[in-house]
Amino acid sequence: MEAIPYYALLSAVAGLVIAVFYYLDVKKASPGNERMVFLMTEIQNGAKAFLKQEYTWVTAFVVVLAVLIGVFIQPFAALSYVLGAVLSGLAGYVGMTVATMANARTTEAAKEGPAKALPIAFRGGAVMGFSVAGLALAGLMGVYIVFVNVLEIDDAFEVITSFGLGASSIALFSRVGGGIFTKAADVGADLVGKVEAGIPEDDPRNPATIADNVGDNVGDVAGMGADLFESYAGSIIAPVALTAFSLSILPEQATENGFLPLLVFPMGVAFIGMIASIIGSFFVRGGSSTDSKALSRALHMGTNVAMAITIVGTIGLALWLFEDSAIFDNQLGLAASVIGGLLVGYLLGKTAEYYTSDHFGPVKAIARDTETGPATTVLKGISVGMISVGASVILLLIGIGVAFWGGSVAINEAGLTELSASIDPDRIEAFGGIYGIAVAAIGMLATTGVVVSVDAYGPIADNAGGIAEMAELDPKVREVTDALDSLGNTTAAVAKGFAVGSAALTALALFKSFEFAILEASGGEQALSLDIGRVPVFVGLFLGAMLPFLFASLTIDAVGRAASKMIVEVRRQFAEIPGLREGKPGVNPDSAKCVAISTNASLKEMIIPGGIAIVVPLVIGFISVDALGGFLAGALVTGFALAIFMANAGGAWDNAKKYIETGAHGGKGSDSHKAAVVGDTVGDPFKDTSGPAMNILIKVMTIVSLVFASAFVAF
């Protein structure tokens with residue numbers, strides 16, 4: 001049992017080895033002709049330059065917060081915070097580097113059909129997937145082994161929690177900054193290119209095309225990678241922190257009092273999920289058909305195999321880990337919680353697929369409404385996004401119910417009270433149920449390695465289509481890449497379902513840990529109140545409900561301002577560069593100018609939204625912890641609903657446009673297509689900027705509150 005963290009660490013190393021294996025496999029594929037290599041290099045250089053500047057800006061923020069943690073909490077916590085931030089940034093950088101290498105290779109492989117192209121795109125994404133999961137698990141297990149097992153410091157679990165805060169800090173800025181970059185370029189390229197100039201998507205004449213392809217990598221690869229890194233680490237930290245803070249255990253007490261299984265169970269699930277993801281990744285193979293259903297089956301085979309292995313492995317782990325202990329009544333209870341979380345995460349993804357895939361009614365209904373113009377297109381997309389929240393909330397509540405039941409029947413609270421005789425019984429009331437909810441989150445993300453692989457596949461396929469267009473390859477190549485790209489929009493929505501579902505469960509567990517941390521820091525004298533009849537709680541509740549809307553507004557406005565600058569620049573180049581719009585030989589756009597506009601705008605615009613998520617809970621916490629409790633509750637509920645709404649509405653608009661581009665409702669160039677482009681433009685910041693950042697927002701505010709709980713009480 002004591003060896004589980006070491007096994008988890010070894011599985012993380014195995015995940016990193018697999019990432020290297022897939023990197024070498026992708027690298028040996030041909031990148032195509034000289035023009036394709038040039039485009040690949042331009043995209044890669046632009047993405048690297050942006051990340052270098054972004055990480056430079058974020059470093060200043062990380063240093064300031066590290067100093068605050070070192071002063072108010074402890075130096076070891078500051079060290080752990082920095083480690084979490086560095087590894088999160090590294091995961092995003094590695095994944096982005098390989099994704100920009102895999103794009104041209106996918107295009108070249110598409111000349112031979114999807115059987116060759118899909119595996120290359122997936123394996124390029126797999127480098128990202130296993131880098132994210134491997135670095136997150138290795139870093140977290142390293143912190144646990146050093147500070148809990150070896151040094152046995154008294155505040156070891158504060159140190160572990162700080163690792164999650166470091167990951168959250170990078171994830172927030174990467175998602176917001178990368179999302180602003182990619183959507184500013186995308187909106188500018190589409191509105192001037194497709195609607196005004198009437199030229200195809202990714203046309204080499206469009207000055208914003210290179211910036212658009214760079215944005216796919218810095219937003220949908222590096223930003224998404226940092227997001228899932230934080231989600232994965234947070235899902236493991238949540239049950240560990242809940243156990244430590246609720247039972248007031250010190251590292252050396254974990255084994256003595258029989259609490260060790262509660263600490264290492266989530267690590268064991270992560271170990272199983274990592275091995276399952278590695279095995280599942282080898283089951284992804286492309287077929288000869290460009291039919292999206294066939295491609296979807298091929299791509300999701302790896303996820304399905306990994307899930308099946310994880311379910312079986314979790315049952316075996318629970319049977320072994322929870323035997324012969326006075327505090328465990330039902331060995332399979334917590335396995336049921338994990339499996340329930342895994343299945344609900346899968347169903348949340350399938351719900352997202354239903355509302356965003358062109359195989360189903362919602363997207364086809366949006367496509368039909370394009371025939372009456374942009375207004376009805378936008379209205380229908382909003383309606384689809386809103387109604388999708390209902391199904392997602394119901395699924396989440398079912399998952400919470402199953403997880404709470406599993407934890408309740410698994411853990412004997414009378415036995416727990418007896419072992420923890422010195423602890424107030426109120427502190428462990430319903431502990432089992434809340435712990436079950438916490439481990440359900442790791443169930444959702446246990447197969448992060450393969451889930452992120454499938455998600456990162458999408459931007460690679462998108463870039464492959466852009467290179468096919470800019471290199472003026474045979475239209476049949478673009479048909480293959482378009483089929484892969486359309487599937488990528490759906491896989492992204494599925495991954496976002498996993499991420500936002502786990503965010504809600506993780507935030508709930510961290511919130512409960514925050515409640516116990518306040519009680520412990522005050523010596524039992526100050527209990528967190530969530531009585532909405534008390535004015536501070538009521539005020540905090542409304543502030544929390546408001547903040548996700550404010551955050552969404554700031555990020556959407558940021559995209560709008562940056563896109564406006566992009567539109568002006570693209571129009572200027574079409575007007576002032578003779579022969580550019582007509583495509584005269586030897587006349588090339590100034591793509592570097594557009595990349596610079598997106599870079600500068602996104603870096604400036606990300607500071608305020610990102611800073612708000614950190615500063616506001618700190619300010620409220622130092623004023624009133626009860627107000628902070630209400631604030632976190634309000635933000636959790638509205639943040640989850642907004643994340644689902646925006647992700648699904650944006651995905652539905654995008655795939656409605658792609659559905660029309662296959663020939664439906666007049667096809668490319670028709671009035672319906674122009675209306676669909678407007679809908680897609682509205683949806684771009686929804687699905688790739690504001691929506692994905694929402695799940696980070698609700699977690700980062702909760703984990704900031706948890707890390708600084710003792711400081712709030714002392715103040």
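Helices here are DSSP runs of H or I with at least four residues, numbered from the N terminus. With that settled, here are some notes on this predicted model.

1. Let me start with helix 8, where Ala276 is found. Ala276 is buried, because its relative accessible area is 0% and the cut-off for buried is under 20%. Its surroundings fit that picture: helix 8 is mostly covered, with 19 of its 22 residues buried. For a distance to check on screen, take the C-alpha atoms of Ala276 and Arg297, which are separated by 18 Å and lie 21 residues apart along the chain.

2. The geometry of helix 8 deserves a look too. The helix covers residues 260–281, and at 1.5 Å a residue its 22 residues should span 32 Å; the end C-alpha atoms are 32 Å apart, so the two values agree. There is also a bend of about 25° in helix 8, located at Pro266.

3. Next, the aromatic residues. The whole structure holds 17 aromatic pairs. One of them joins Phe622 and Phe712 edge-to-face, with 5.0 Å from centre to centre and 90° between the planes. Phe622 belongs to helix 19 (residues 607–623) and Phe712 to helix 22 (residues 709–714), so this pair ties together parts that are 90 residues apart in sequence. The partners differ in exposure: Phe622 is partly exposed at a relative accessible area of 23%, whereas Phe712 is buried at 5%. Elsewhere, Phe21, Tyr22 and Phe282 make up one aromatic cluster.

4. Which residues lie closest to the centre of the second largest pocket? This pocket has a volume of about 480 Å³. Of its 24 lining residues, Arg35, Pro204, Val587, Asn588 and Pro589 are the closest to the centre. Two or more lining residues come from each of helix 2 (34–72), helix 6 (209–247), helix 15 (448–470) and helix 18 (591–605). Helix 2 contributes the most, with 4 residues. Sorted by class, the lining has 10 nonpolar, 6 polar and 8 charged residues.

5. Helix 15 is also the place of Val451. At 7% relative accessibility, Val451 counts as buried. If you would like a long-range distance to check, the C-alpha atoms of Val451 and Lys183 are separated by 23 Å, with their positions 268 residues apart along the chain.

6. Finally, two backbone angles that I would point out to any colleague. Most residues other than glycine have a negative phi. Glu472, however, has a positive phi, near 55°. Glu472 sits in the loop between helix 15 and helix 16 (475–521), and at 65% relative accessibility it counts as exposed. His665 likewise has a positive phi, near 55°. Its place is in the loop between helix 20 (625–661) and helix 21 (671–707). Is His665 buried or partly exposed? At 25% relative accessibility, His665 counts as partly exposed, since that class runs between the 20% and 50% cut-offs.

Terms used: Residues numbered from 1 in each chain as written. Predicted model: local features only at pLDDT ≥ 70, side-chain atom pairs only at ≥ 80, totals over all residues. Heavy atoms only, no water. 1 Å grid on protein atoms, 1.4 Å probe; cavity = no way out; pocket = protein on both sides within 12 Å on 5 of 7 lines; lining within 4 Å. Points joined across faces, edges and corners; volume = space filled by probe spheres on them. Nonpolar A, V, L, I, M, F, W, Y, C, P; charged D, E, K, R; others polar. Expected span 1.5 Å × (residues − 1). Bend = angle between axes of the 7 residues up to and from the residue. Buried < 20%, exposed > 50% of the residue type's maximum accessible area, 1.4 Å probe, protein only. Phe/Tyr/Trp six-rings, centres within 6.5 Å; stacked < 30°, edge-to-face > 60°.
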